[in-house]
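Welcome! Please take a moment to look over the sequence and the structure shown here, and then read on for a short guided tour.

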Amino acid sequence: MTSHTEVFRDYARSYPALYHDKNYEAECDFLEHTWQRFSLRPVKRVLDLGCGAGGHVFPLASRGYEVTGVDRSPAMLDLAKERARLPLAKAPRLELADIQTLRLGEAFDAVVCMFAVLSYQTSNEALLSTLRTARHHLAAGASFVCDFWYGPAVLKQQPADRIKEVRDGDDRVVRLASPSIDTEAHVVTVDYRVLRLHGSTLVEETRESHRMRYFFKPEIELLMQLAGFELRHFCPFGQLGQPVSQESWNVSAIGLAIWGRVIHATRNRRQRPAEQRRYFPVHAFDTFGIARLGLLSQIRRLVVEGRSKFLEPVRRPTLADGIDGSGDRNPAAGDSVEA
Ligand SMILES: C[S@@+](CC[C@H](N)C(=O)[O-])C[C@H]1O[C@@H](n2cnc3c(N)ncnc32)[C@H](O)[C@@H]1O
């Protein structure tokens with residue numbers, strides 16, 4: 001059986017050529033739009049889960065963001081490290097790690113997980129662990145942007161054999177993709193055969209199997225909730241204003257990191273437009289024992305509705321706030337505060 005680190009090992013060599021036409025700049029525009037529209041925190045520090053060759057890492061770094069990219073494939077990360085030698089506004093940090101278990105011990109303003117990285121997490125456990133990793137590195141009110149294969153589109157269109165041919169310098173790269181679908185597990189196994197030709201001579205042939213899970217909106221919504229996110233938006237990949245349909249093979253989902261009980265309180269109160277909601281860490285009140293005096297629910301109401309004049313506005317988290325940044329020992333995220 002292929003191990004996780006072997007997936008993308010050979011494929012990495014042809015990855016930049018195969019995806020040379022992918023418009024990462026436009027995708028970074030999309031990320032910035034989502035942050036402007038949904039994030040309740042200013043975005044400066046970004047964590048890219050499954051960053052691969054750094055398709056988003058480098059455009060974001062050149063736009064001035066402090067970016068950390070994480071990937072479990074040494075071959076993909078090597079491609080990113082190669083690019084990291086170029087001068088940039090802010091040099092990104094690149095880490096070799098599995099995003100299911102990653103704990104960097106610091107908080108970010110936004111987490112992204114782009115180009116079907118979530119679909120590579122094929123079990124519920126793997127997916128939930130990955131979502132918890134995202135939540136773990138965010139403070140309440142920060143956003144998580146991801147995309148994945150969309151079940152209704154995969155089932156309607158059905159994966160089919162495909163051939164893609166691109167130039168890579170003097171070589172020609174031909175990729176043959178042969179998928180098979182497991183409708184019980186919601187997983188498509190794509191067998192890739194990549195041929196590299198120099199003139200008419202075959203100089204390399206590699207094979208890799210990629211297992212990709214497709215998801216449905218309610219299951220993503222539920223798993224996001226379990227990880228401590230509210231699903232705030234669901235659209236065709238990179239198209240904020242459009243509705244998803246069975247034509248949307250790839251969809252984007254935007255989750256907002258919540259402090260579970262606060263959002264619960266918000267929902268049960270006046271249904272304010274979502275954009276106007278504010279989430280504040282309320283741990284300071286717990287610390288002073290106000291909860292024990294029975295005042296906590298009143299204070300929470302004031303906090304959630306933004307009426308209290310005594311609260312600081314949402315601020316950038318520090319490590320002193322705890323590992324989630326907000327200090328919100330978020331039970332939904334399943335993470336305990338580490339020392
Ligand atoms: C299709 S590539 C996308 C790379 C990059 N996000 C982009 O948009 O170009 C998927 C990447 O996710 C990485 N990946 C998948 N599962 C992972 C995991 N559990 N931990 C770390 N990296 C993972 C793979 O190694 C691969 O580099």
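## A strand and its neighbours

Let us begin with one pair of residues: Cys113 stands opposite Cys146, which belongs to β5. The model you are looking at is predicted. The two strands that meet here, β4 and β5, run parallel to each other and pair over five bridges. On the way from β4 to β5 the chain passes through α5, and this β-α-β crossover is right-handed.

Strand β5 has further partners. With strand β11 (residues 250-257), β5 pairs in the antiparallel sense, over seven bridges. Here Asp147 is found opposite Ser252 of β11. With strand β9 (residues 201-215), the pairing of β5 is parallel and covers two bridges. Trp149 has Tyr214 in β9 as its bridge partner.

## How enclosed is β5?

How many residues of strand β5 are buried? The count is 13 of the 13 in residues 138-150, so β5 is largely enclosed by the rest of the structure.

## Around the ligand

Next, have a look at the ligand. There are 18 residues around the ligand, and those that come nearest are Gly50, Gly52, Arg72, Ser73 and Phe115. Which classes make up this shell? Sorted that way, the shell has nine nonpolar residues, six polar ones and three charged ones.

## Two residues with positive phi

A little background helps with the next stop. Most residues other than glycine have a negative phi. Phe115, one of the residues that come nearest to the ligand, has a positive phi near 70° without being a glycine. You can find Phe115 in the loop that links β4 (108-113) to α5 (124-136). Is Phe115 buried or exposed? Phe115 has 22 other C-beta atoms within 10 Å, and a residue counts as buried at 20 or more, so Phe115 is buried.

Gln158 is another non-glycine residue with a positive phi, in this case about 60°. Its place is the loop between α6 (151-157) and β6 (162-168). Is Gln158 buried or exposed? Around Gln158 there are 10 other C-beta atoms within 10 Å, and the limit for an exposed residue is 12 or fewer, so Gln158 is exposed.

## Looking back

To retrace the tour, find β5 again, with its partners β4, β11 and β9. Then compare the two loop residues: Phe115 is buried, whereas Gln158 is exposed.

Notes: Residues are numbered from 1 along each chain as its sequence is written. This is a predicted model: local features need pLDDT of at least 70, side-chain atom pairs count only at pLDDT 80 or more; totals for chains, interfaces and linings use all residues. A residue is near a molecule or strand if its C-beta atom, placed from the backbone, lies within 6 Å of it. Ala, Val, Leu, Ile, Met, Phe, Trp, Tyr, Cys and Pro count as nonpolar, Asp, Glu, Lys and Arg as charged, and the others, Gly among them, as polar. Helices (H or I, at least four residues) and strands (E, at least two) are DSSP runs, numbered from the N terminus. Two strands pair if DSSP finds at least two bridges between them. A crossover is right-handed if, with the strands pointing away from the viewer, the path from the first strand over the helix to the second runs clockwise.
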